[in-house]
Amino acid sequence: MMRRHEEAFRMHCRKRSATQLGHACVHPGLSATTRSPTGLRSHPPGATIRHPAASPLPSPQPRGACAMTAVGRQSGGRGRRARGAPLRLRGRFPGSGAEPGRAGCVPPGMVSKGPLLRLLTAINRRRMKLLTGLAFVAYVASVWGNFVNMRSLQENGDQKVESKIEEAVAPLREKIRDLEKSFTQKYPPVKFLSEKDRKRILITGGAGFVGSHLTDKLMMDGHEVTVVDNFFTGRKRNVEHWIGHENFELINHDVVEPLYIEVDQIYHLASPASPPNYMYNPIKTLKTNTIGTLNMLDPEVHPQNEDYWGHVNPIGPRACYDEGKRVAETMCYAYMKQEGVEVRVARIFNTFGPRMHMNDGRVVSNFILQALQGEALTVYGPGTQTRAFQYVSDLVNGLVALMNSNVSSPVNLGNPEEHTILEFAQLIKKLVGSESEIQFLSEAQDDPQKRKPDIRKAKLLLGWEPVVPLEEGLNKAIHYFRKELEYQANNQYIPKPKPARMKKGRTRHN
Ligand SMILES: O=C(O)[C@H]1O[C@H](OP(=O)(O)OP(=O)(O)OC[C@H]2O[C@@H](n3ccc(=O)[nH]c3=O)[C@H](O)[C@@H]2O)[C@H](O)[C@@H](O)[C@@H]1O
């Protein structure tokens, strides 16, 4: 009987301990079993058993009592019970009138766990689960909230950075658009020529006064143009409107040095033409012209035709230019005879127009600048010496006509309309509307007294003659120099006309 009783109690305890943490059973003369997080554990008879998570028991339980470490509210809701405090349960122990199988085994002196407690325990368990579930949901919600916050913060930050970048980049975009526009619209219209008709053309001195106008003409006609210039008197500004064009190339090179380049035609215009400029470095002028094709000869015959061989002082200040041109012609014809090189020789007479250098020093640019600035017009000598001036576009057309002809002998290109220098001074004063005086200075050394081209050969063989009237050309030149003066004034630089070298008591060799 005792054995069966003991067995029933052991079963009761095992059942409890297998399902409920914190349950404690003490039975005199029985060993007990509890469930701990690490598994089932046996206890000697009469031992006090408590769950490791529970607070110490305030006092040993009375033998035979069934106690539990209660969590939660006591039934009836009369406040919390202290952890480990005994919870007395009503019930009957088998052998003392207890109903077997209802209240479990309650040994004498023990308090049995009744249906209410079980209900409470079940409620507590559900609550715990509910609380745990709620805590889990709250945790997940807070993690999600943090994640969402982080993302929105990051997005806000990203948006701010993006808007700042946009602010910085917007003006740059604007500038790029402007640059693209200026690139696409800046070239003058160019004809399309087929491969067969398109020529590769080299222009030495192509950034100079005459050379740059010739460059414009050949580019607009649809040819491929290579400009070679050392920028001694030429300027990049004269050809800048072609830079970047697929048919155009600009090479900074001095023609005194060899240049190997494959082309169909060469216009050799590299040489300073203004007396103050070419006298500035006579050896350089000579060197430049000995490989040149242009020539200008001082006259003894008037007007000068192509058979006129010139009359120059070979040791005077102008000799570097004049003799240089003569040697250049000699070389051209030597190469033609000996090597079969095709040559064209243009004898160019006084030419004027836009893009003449502000410091050129020749008579047209000097007089216009002086008149525009209200300064006296400087006439060297009495002003009776004559010149015949052609407008630059007439010269360019003549050069192209000559190049494309089969005329290999020299051809004069100039305007035969002859005027004295004093007449020029008065005409320019009138066209500018200037109050400037005319000032007579001493005569320039070796200054040719008469010059007028005979252009019958050009008319006959090339069908060419100048078409721009003197006044029309002068007005264009005046407009150009007015703009240049404004440009220079904005750049704090006002050029002064260059004086020519004055005669030093020696009569000119005519
Ligand atoms: O442009 C040209 O085709 C020519 O220029 C110069 O020839 P030149 O006729 O002496 O050129 P300018 O310096 O313009 O002189 C023309 C005349 O005006 C006079 N002059 C020049 C400048 C000035 O301020 N005042 C003035 O009276 C000169 O003494 C000269 O009689 C070169 O010497 C020539 O070889 C070249 O072909």
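This report describes the ligand site, two helix packings and two unusual backbone angles in a predicted model.

**The ligand and its surroundings**

The ligand is surrounded by 20 residues, and the closest of them are R318, Y321, R362, R387 and D447. Sorted by class, this shell comprises 11 nonpolar, 4 polar and 5 charged residues. Three side chains, listed below, place a polar atom beside an oxygen atom of the ligand.

| Residue | Side-chain atom | Ligand atom | Distance |
|---|---|---|---|
| N366 | polar | oxygen | 3.0 Å |
| D447 | polar | oxygen | 2.5 Å |
| R451 | N or O | oxygen | 2.8 Å |

On its own, the ligand would expose 690 Å², of which the protein buries 96%. Two or more residues of the shell come from each of the elements α4 (275–280), α7 (363–372) and β11 (377–380). D447 thus appears twice in this description: it is listed with the closest residues, and its side chain has a polar atom 2.5 Å from a ligand oxygen.

**Packing of the helices**

Two packed helices are described by the angle between their axes and by the distance between those axes. Helix α7, one of the elements that give residues to the ligand shell, also packs with α9. The axes of α7 and α9 cross at roughly 40 degrees and come within 9 Å. Because of this angle, α7 is oblique to α9. The crossing of α7 past α9 is right-handed.

Helix α9 (residues 421–432) has a further partner in helix α11 (residues 470–490), and these two pack at an angle of about 60 degrees with their axes 10 Å apart. An angle between 35 and 65 degrees falls in the oblique range, so α9 is oblique to α11. In this pair, too, the crossing is right-handed, with α9 passing α11. Helix α9 therefore takes part in both packings, with α7 and with α11.

**Backbone angles in two loops**

Most residues other than glycine have a negative phi. Two residues in the model depart from that pattern. F231, which is not a glycine, has a positive phi of about 60 degrees; F231 is placed in the loop that joins β6 (224–229) and β7 (248–252). D446 is likewise not a glycine, and its phi is positive at about 55 degrees. The loop that holds D446 runs between β16 (438–441) and α10 (456–462).

Technical notes:
Residues numbered from 1 in each chain as written. Predicted model: local features only at pLDDT ≥ 70, side-chain atom pairs only at ≥ 80, totals over all residues. Heavy atoms only, no water. Near = heavy atom within 4 Å. Polar contact = N/O pair within 3.5 Å; in protein donor to acceptor, adjacent residues only side chain to side chain. Areas by Shrake-Rupley, 256 points an atom, 1.4 Å probe, with all protein chains shown as cover. Helix = DSSP H or I, 4+ residues; strand = E, 2+ residues; numbered from the N terminus. Nonpolar A, V, L, I, M, F, W, Y, C, P; charged D, E, K, R; others polar. Axes fitted to C-alpha atoms, helices over the stretch in contact; angles between N-to-C directions. Parallel < 35°, antiparallel > 145°, perpendicular 65-115°, else oblique. Left-handed = near helix turned anticlockwise from the far one by under 90°.
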